[in-house]
Number of protein chains: 2
Amino acid sequence: MASGNNLPAAIIHRLPHFTLSFPSAKHIFNPIESSDPLYPIHRPSARVVIVLGTSPLKTEHLDQYPSVECVVATSAGVDHIDLAECRRRNIRVTSAGSAFSEDGADYAVGLLMDVLLRVSAADRFVRAGLWPVKGHYPLGNKLGGKRVGIVGLGNIGTMVAKRLEPFGCTIAYTSRNKKSEVPYAFYPTVLELAANSDSLIVCCALSDKTHHIINRDVLTALGKKGIIVNIGRGALVDEKELVKLLVGGELGGAGVDVFENEPEVPKELFMLDNVVLSPHRAVLTPESFDKVTEVMNANVAAFFSNKPLLSEINLYD
Amino acid sequence: MASGNNLPAAIIHRLPHFTLSFPSAKHIFNPIESSDPLYPIHRPSARVVIVLGTSPLKTEHLDQYPSVECVVATSAGVDHIDLAECRRRNIRVTSAGSAFSEDGADYAVGLLMDVLLRVSAADRFVRAGLWPVKGHYPLGNKLGGKRVGIVGLGNIGTMVAKRLEPFGCTIAYTSRNKKSEVPYAFYPTVLELAANSDSLIVCCALSDKTHHIINRDVLTALGKKGIIVNIGRGALVDEKELVKLLVGGELGGAGVDVFENEPEVPKELFMLDNVVLSPHRAVLTPESFDKVTEVMNANVAAFFSNKPLLSEINLYD
């Protein structure tokens with residue numbers, strides 16, 4: 001896979017079975033896989049490490065790349081990368097930036113609609129041959145007029161809001177800071193947001209501060225008819241409590257793309273009709289792959305030519 | 001069920017197993033069911049017949065109501081009512097008007113998103129326990145940038161367009177007439193619209209003129225990656241051809257809420273992952289039921305007090 005040209009090399013870091021690849025990156029620089037015969041030669045000197053997907057990059061992994069100066073992530077969230085350790089080692093980190101935002105926002109709206117309107121459940125009903133036998137399927141819920149609370153009004157959250165407006169939803173949000181430029185109601189805590197929302201869409205970054213930000217209290221405040229959609233990271237939600245409340249009928253429904261122990265999904269959810277389950281794929285479309293490849297290429301090229309990085313994470317925030 | 005008051009009676013006409021009911025209507029007038037002991041007394045003299053859902057009202061049914069002057073439908077489409085015969089008998093007909101439009105538009109967008117983003121299929125994948133076994137689920141398709149063609153730009157079609165705009169879709173339409181007030185491209189035929197669209201959303205009324213308007217040629221023009229969504233009536237689409245093209249991989253996918261022989265659904269579709277099936281329930285939410293009850297009440301009340309009807313069908317169109 002490595003070429004004989006003089007392009008600087010970037011080492012690819014990935015989980016063994018992470019099968020995504022970015023062919024067009026080869027035209028910009030040398031992406032060297034661990035299967036490549038040149039890998040042992042380049043590994044100690046590589047200045048750039050590309051992290052595919054959510055492959056963990058912790059201290060023990062960083063130790064394998066002693067010369068790394070820049071970690072290029074291909075995901076929007078970088079919770080799989082030990083940012084504190086990168087800061088300590090003076091390593092810069094870039095993310096996918098907004099490459100996935102549109103797809104993420106689309107999928108969040110898609111999951112919310114699917115749970116509310118019961119599309120997947122209705123499809124299951126028809127495929128099981130129940131329509132001629134049971135007659136009318138239970139009513140869905142109208143999207144218009146619903147109060148949708150957005151947890152994290154960043155790129156994705158903002159696009160979710162814009163997409164839901166013409167459906168007649170009322171948008172509110174919580175975020176680290178109130179944003180003066182948006183017309184939506186701001187709640188300083190996720191608990192207050194939940195108490196004033198019919199549905200919550202979780203699309204913030206996972207960090208020490210946001211781990212289990214959706215806990216039992218928040219879900220209880222959302223209430224028996226409340227719906228939660230999570231397209232962020234599994235650990236943003238206390239999954240055990242989510243399952244308990246759903247099974248007990250204490251929560252209206254859930255659309256879940258991310259889980260705490262992927263690819264494991266709590267089996268109790270398989271029985272529920274008010275839940276839509278998705279295998280961490282909100283942003284996986286051919287278009288977003290092209291876009292993230294562009295961002296990755298641009299970051300690697302910028303690094304090697306000493307230009308400003310495009311989507312650098314602020315490690316001192 | 002009939003009350004002893006002096007309200008004029010309206011006869012309820014429904015299929016035997018049509019289980020919907022409109023309790024609040026009782027406060028406005030006497031809705032008399034066939035199970036009511038007063039039914040045989042009121043049937044010959046009833047001036048209003050309320051048709052529940054899509055219960056057929058043909059010549060033989062109209063004969064049962066010799067005094068009927070006004071037929072109040074509870075659906076947006078009135079293809080189940082013999083309009084020519086009503087015109088001949090000088091019977092006025094009202095529909096649900098726009099009571100269902102928002103829900104219909106929501107569901108159309110929901111089905112399109114579900115097929116494109118593969119939400120139901122991904123849910124099935126997770127519930128079957130395949131995520132840990134097979135790893136990544138196939139990519140979905142991005143909604144943004146798609147050319148969406150709307151067949152019938154009435155109440156529902158217009159609301160579909162407004163909802164899809166913030167996703168970055170390009171909207172075009174075909175309709176009986178070009179509408180000067182809308183910014184979308186107009187195609188005079190559904191065939192031209194299909195040839196210039198990635199997805200078609202069918203939301204026009206069913207009539208002699210629109211029967212099988214979506215035929216083999218239209219579906220072929222839509223193409224191998226094309227997606228069709230039907231929330232209108234089953235007979236708008238040539239279902240046999242739809243099934244053939246889907247099974248043969250000649251069409252990209254389909255989101256179908258209505259079928260030619262409901263509740264029968266072609267079994268071949270049950271095997272397909274690029275199809276979302278729904279039991280004619282696009283508009284069935286508690287909110288739309290409230291709204292249609294209002295419209296129905298208002299029409300009956302207007303009729304009995306000689307006021308203009310709210311959502312009268314033009315039988316001379």
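Me: How does chain B lay onto chain A here, in terms of turn and shift?
Reply: A turn of 180° with a shift of 0.0 Å along the axis puts chain B on chain A, with an RMSD of 0.1 Å. The two copies are therefore related as by a two-fold rotation axis. Bear in mind that this is a predicted model.

Me: Nice. Which residue of chain B comes closest to the rotation axis?
Reply: That would be B:Ser120, whose C-alpha lies 2.4 Å from the axis.

Me: And what can you say about the surface through which the copies meet?
Reply: The copies meet through the same surface, because 100% of the interface residues of chain B are also interface residues in chain A.

Me: OK, numbers please. How many residues are in contact, and what area do the chains bury?
Reply: On chain B, 59 residues are in contact with 59 residues of chain A. The two chains bury about 5,000 Å² between them, and 63% of that is on carbon and sulfur atoms. Three residues, B:Arg127, B:Trp131 and B:Lys142, supply 17% of the area that chain B buries against chain A, more than any other three.

Me: Does B:Lys142 have a partner I should look at, and which one?
Reply: Have a look at A:Glu102, which forms a salt bridge with B:Lys142; their closest N and O atoms are 2.5 Å apart. Across the interface of chain B and chain A there are six salt bridges. The two chains also have 23 residue pairs in polar contact, counting residues at pLDDT 80 or more.

Me: Which elements of chain B touch chain A?
Reply: Those giving two or more residues are helix 4 (101-117), helix 5 (119-127), helix 6 (131-134), helix 7 (155-164), strand 12 (275-277) and helix 11 (286-304) of chain B. Helix 4 of chain B has the largest share, with 10 residues. By class, the side of chain B that touches chain A has 32 nonpolar, 10 polar and 17 charged residues.

Me: Switching topic: what are the domains of chain A?
Reply: The domain assignment gives domain 1 (9-99 + 285-304) and domain 2 (101-277). Their C-alpha centres lie 31 Å apart.

Me: How many residues are in contact between those two domains?
Reply: In chain A, 10 residues of domain 1 are in contact with six residues of domain 2. The area buried between these domains is about 600 Å², with carbon and sulfur atoms giving 40% of it. On the domain 1 side, A:Asp79, A:Ser98 and A:Thr285 lose the most area to domain 2, together 58% of what that side buries.

Me: What about salt bridges between the domains, how many are there?
Reply: There is one across the interface of domain 1 and domain 2 of chain A. A:Asp79 forms a salt bridge with A:Arg233, with the closest N and O atoms 2.8 Å apart. The count of residue pairs in polar contact between the two domains is four, with both residues at pLDDT 80 or more. The side of domain 1 that touches domain 2 has one nonpolar, seven polar and two charged residues.

Me: Last thing, the backbone. Where is there a cis peptide bond in chain A?
Reply: A cis peptide bond joins A:Glu262 and A:Pro263, with omega about 5°. A:Pro263 sits in the loop between strand 11 (253-256) and strand 12 (275-277) of chain A. In chain B, the peptide bond from B:Glu262 to B:Pro263 is cis too, with omega near 0°.

Me: And what is the phi of A:Asn306?
Reply: Phi is positive there, about 55°, although A:Asn306 is not a glycine. You'll find A:Asn306 in the segment after helix 11 (286-304) of chain A.

Terms used: Residues are numbered from 1 along each chain as its sequence is written. Chains are lettered from A and ligands numbered from 1 in the order in which they are written. This is a predicted model: local features need pLDDT of at least 70, side-chain atom pairs count only at pLDDT 80 or more; totals for chains, interfaces and linings use all residues. Side-chain values use heavy atoms; hydrogens and water are left out. Contact means heavy atoms within 4.5 Å. Buried area is the accessible area (1.4 Å probe) that two parts lose on being put together, summed over both. A salt bridge is a side-chain nitrogen of Lys or Arg within 4 Å of a carboxyl oxygen of Asp or Glu. A polar contact is a pair of N or O atoms within 3.5 Å; within protein, one must be able to donate a hydrogen and the other to accept it, and residues adjacent in sequence count only if both atoms are side-chain atoms. Helices (H or I, at least four residues) and strands (E, at least two) are DSSP runs, numbered from the N terminus. Ala, Val, Leu, Ile, Met, Phe, Trp, Tyr, Cys and Pro count as nonpolar, Asp, Glu, Lys and Arg as charged, and the others, Gly among them, as polar. Copies are superposed by least squares on the C-alpha atoms of residues with pLDDT of at least 70 in both. Domain bounds come from an automatic or database domain assignment.
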